[in-house]
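Got your viewer open and your selection tool ready? Load the model and follow along.

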Amino acid sequence: MSESKLSEFDIIERYFKRPVTGVDIGIGDDAAVISPTPNMQLAVSTDTLVSGKHFFADTDPYKLGYKSLAVNLSDMAAMGAKPRWVTLSLTLSENLVESHPTWVSEFANGFLELAQTYQIALIGGDTTCGALNIGVQIIGEIEIMRCLRRDGAKPGDDIWVSGHLGGAALALKHLLQEIKLTQHEMDACLRALLTPTARVELGQRLVGLAHSAIDISDGLLADLGHILTSSKCAAVVTLEAVPCSTVMKQYMPSSLALECLLAGGDDYELCFTAPKKNRSEIERIAQLLQVPLVIIGEIKHGTGLSVIDTEGKAVTMVKKGYDHFAS
């Protein structure tokens, strides 16, 4: 049977059905049945990735499969949850399958290898024909009433960020021909764009230490803004403290680089707030996990988000973050 003539059930059976543990009923029935661990709550998140909107149609399918799961793992990290189960809804065009016969197997490998890394079971989903579209739902567990939230920030909290920001957005600017990167620069930035590292273990270790948290998917200003809105607080961020890669530093402080750093999105790092008394413990966690963690500002009374330079002057940004409904 040719790849292009595979039915929905053939695709599921051949590429996505794998042996799983910890699942009462998995792929192959009308619904999956799972039993949460006693004294744990479920954390559930869903993401949709649309060809031409969230990724280029010619994106490497292995890396696309990887990223499709990674962005959902990042949501679990922001809640301090342990990811356990995932469902996948995949819409494929006949033209794609016919022109790239190994596309599905490569996508599945990227998705399932990352799932195996975190011991996550693929327990169901859907496969249909149409314009390329990827829908993922992830389910995690966390101790009852112990999850990290957006609405817990308090005046006086440090604002922390993991990793480095802006590299993924800089890669996208290159692909859109708005900037020209060298091959070395592009290789580094593409890793950030196509294979981001979700900070799952960091999120779990921040439970009980951080007052609030969010993953940076739409840009630092937009996502920190969500924390401020939910927490009814204000914040001041020091531009020079925002962590960026060596590549990004070479393009600072151009307006394009500033946009990538503060509003570009696709970083999938954690932004969280924590009381100053927890600084030493958070620094210990950073060293233990070998994850860069830096303080970029402070939560204040009031409303609004200010970004200042080393001289205390306000940095004005027109764009705050990615808008899913913008043209």
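Here is a short tour of a predicted model, stop by stop.

**Stop 1: a pair of helices.** Select residues 167–175, helix H5, together with residues 183–194, helix H6. Their axes come within 7 Å and cross at roughly 115 degrees. Angles of 65 to 115 degrees count as roughly perpendicular, so that is how H5 sits relative to H6. As for handedness, the crossing of H5 and H6 is left-handed.

Now show side chains where the two helices touch. On the H5 side, pick Gly167, Ala168, Leu170, Ala171, Leu172, His174 and Leu175. Their partners in H6 are Met186, Cys189, Leu190, Ala192 and Leu193. Try colouring this set by residue type: what do you get? The contact of H5 with H6 splits into ten nonpolar residues, two polar and no charged.

**Stop 2: Arg199.** Carry on past H6 into the loop that leads to helix H7 (200–206), and select Arg199 there. Is Arg199 buried or exposed? Its relative accessible area is 16%, and the cut-off for buried is under 20%, so Arg199 counts as buried.

Bring up Glu269 next: its side chain and that of Arg199 are joined by a polar contact of 2.8 Å. To fill in the surroundings, add the other residues that Arg199 touches, leaving aside anything up to four places away in sequence: Ala77, Ser162, Gly163, Tyr268, Leu270 and Val291.

**Stop 3: backbone oddities.** Time to hide side chains and look at torsions. Most residues other than glycine have a negative phi, and most peptide bonds are trans. The next three selections go the other way.

- Select Met252 and Pro253: the peptide bond between them is cis, with omega near 0 degrees. Pro253 lies in the loop between helix H9 (246–251) and helix H10 (255–263).
- Select Gln119, a non-glycine residue with a positive phi of about 55 degrees. You will find Gln119 in the loop from helix H4 (103–117) to strand S3 (121–129). Gln119 is exposed, at a relative accessible area of 67%.
- Select Asp266, also not a glycine, with a positive phi of about 65 degrees. Asp266 belongs to the loop between H10 and strand S8 (270–274). What is the relative accessible area of Asp266? The value is 18%, so Asp266 is buried.

**Last look.** Put Gln119 and Asp266 on screen together: Gln119 is exposed, whereas Asp266 is buried.

Key. Residues are numbered from 1 along each chain as its sequence is written. This is a predicted model: local features need pLDDT of at least 70, side-chain atom pairs count only at pLDDT 80 or more; totals for chains, interfaces and linings use all residues. Side-chain values use heavy atoms; hydrogens and water are left out. Axes are lines fitted to C-alpha atoms, for helices over the stretch in contact, and angles run from 0 to 180 degrees between N-to-C directions. Helices (H or I, at least four residues) and strands (E, at least two) are DSSP runs, numbered from the N terminus. Angles under 35 degrees count as roughly parallel, over 145 as roughly antiparallel, 65 to 115 as roughly perpendicular and the rest as oblique. A crossing is left-handed if the near helix is turned anticlockwise from the far one by less than a right angle, and right-handed if clockwise. Contact means heavy atoms within 4.5 Å. Ala, Val, Leu, Ile, Met, Phe, Trp, Tyr, Cys and Pro count as nonpolar, Asp, Glu, Lys and Arg as charged, and the others, Gly among them, as polar. Buried means under 20% relative accessible area, exposed over 50%, partly exposed in between (1.4 Å probe, protein chains only). A polar contact is a pair of N or O atoms within 3.5 Å; within protein, one must be able to donate a hydrogen and the other to accept it, and residues adjacent in sequence count only if both atoms are side-chain atoms.
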